[in-house]
Amino acid sequence: LYAMYDATIKYTDACVGSLFDFVHNQFENTIVVITADHGDLFGEYGLLGHHMVLHDGLIHVPLVTHGLTGVDHHVGSPTQHIDIMKTLLSIAGADTSQFQGYDIRENSRTVAISQDLRGTVDDDEERNYDRIRKYNSSVDLSHLPKSMVTAARTTDFKLVQTDDWTKLYKLPNEEEDISNKYPSEFEDLRSFISEWMDTEGTPFEVAPDEAELTEETEEHLREMGYL
């Protein structure tokens, strides 16, 4: 699996290089952003894939920009995809009032927020846990979240919270709960999550319309782990 993953990265790197060269040969004053939607687990928490937990292997993804000026000061600061979207659209002169993120040319965040629900047993269909049990009915899943899981990450710490527990990790170690060793950081990040949940993290009151998908498309998305 490691070899295939490394090969995929190398192939993707070559494709990105070709695309980058093509774009710069065709256009001037172009901004290029290279990032990812998620990473993958290779045994962390006993899992393979990209669901159920908020380990850094999933949420700490690459972010490389080219042609985006005025952001050197931001290197090393926590950044979210919504920040990049707001920055790019601000440069293009679009209305960004709907976005919760920051224009990274002007502001920085100290904490990045992540959430996951689909992988937990609160999922109405429980597909993700059932998918694991299909291959091993006796597998112990007691260490996995049983509700919405929320993570608040700084450059040095990550607080992970569910309905049942709250743990603090000193990165890159995500196995030892060090809440008692760093009570100040624990309380600061727990307060951050609480305030965020009451403001920007409030669920939408109106659910979006579900898109009509063909059976073939649904099966394809399910095989990739998105349904």
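I looked first at which way the side chains of β6 point: Val149, Ala151 and Arg153 go one way and Thr150 and Ala152 the other, and all are buried (under 20% relative accessible area, with exposed over 50% and partly exposed in between, using a 1.4 Å probe and protein chains only). The model is a predicted one, in which local features need pLDDT of at least 70 and side-chain atom pairs count only at pLDDT 80 or more, while totals for chains, interfaces and linings use all residues. Residues are numbered from 1 along each chain as its sequence is written, and side-chain values use heavy atoms, with hydrogens and water left out.

I then checked the neighbours of β6, residues 149-153, taking strands (E, at least two residues) and helices (H or I, at least four) as DSSP runs numbered from the N terminus, and calling two strands paired if DSSP finds at least two bridges between them. Strand β5 (residues 112-116) runs antiparallel to β6 and is joined to it by 5 bridges, with aspartate 116 partnered by valine 149. On β7 (residues 157-161) I found antiparallel pairing with β6 over 4 bridges, threonine 150 standing opposite glutamine 161, and a hairpin of 3 residues joining the two strands.

Next I looked up salt bridges (a side-chain nitrogen of Lys or Arg within 4 Å of a carboxyl oxygen of Asp or Glu). Arginine 153 forms one with aspartate 56, the closest N and O atoms being 2.8 Å apart; this pair links strand β6 to helix α2 (residues 56-59) across 97 residues. Lysine 158 also meets aspartate 56, at 2.8 Å from N to O, and this pair joins strand β7 to helix α2, 102 residues apart. I noted that Asp56, Arg153, Lys158 and Glu174 are linked in a salt-bridge network.
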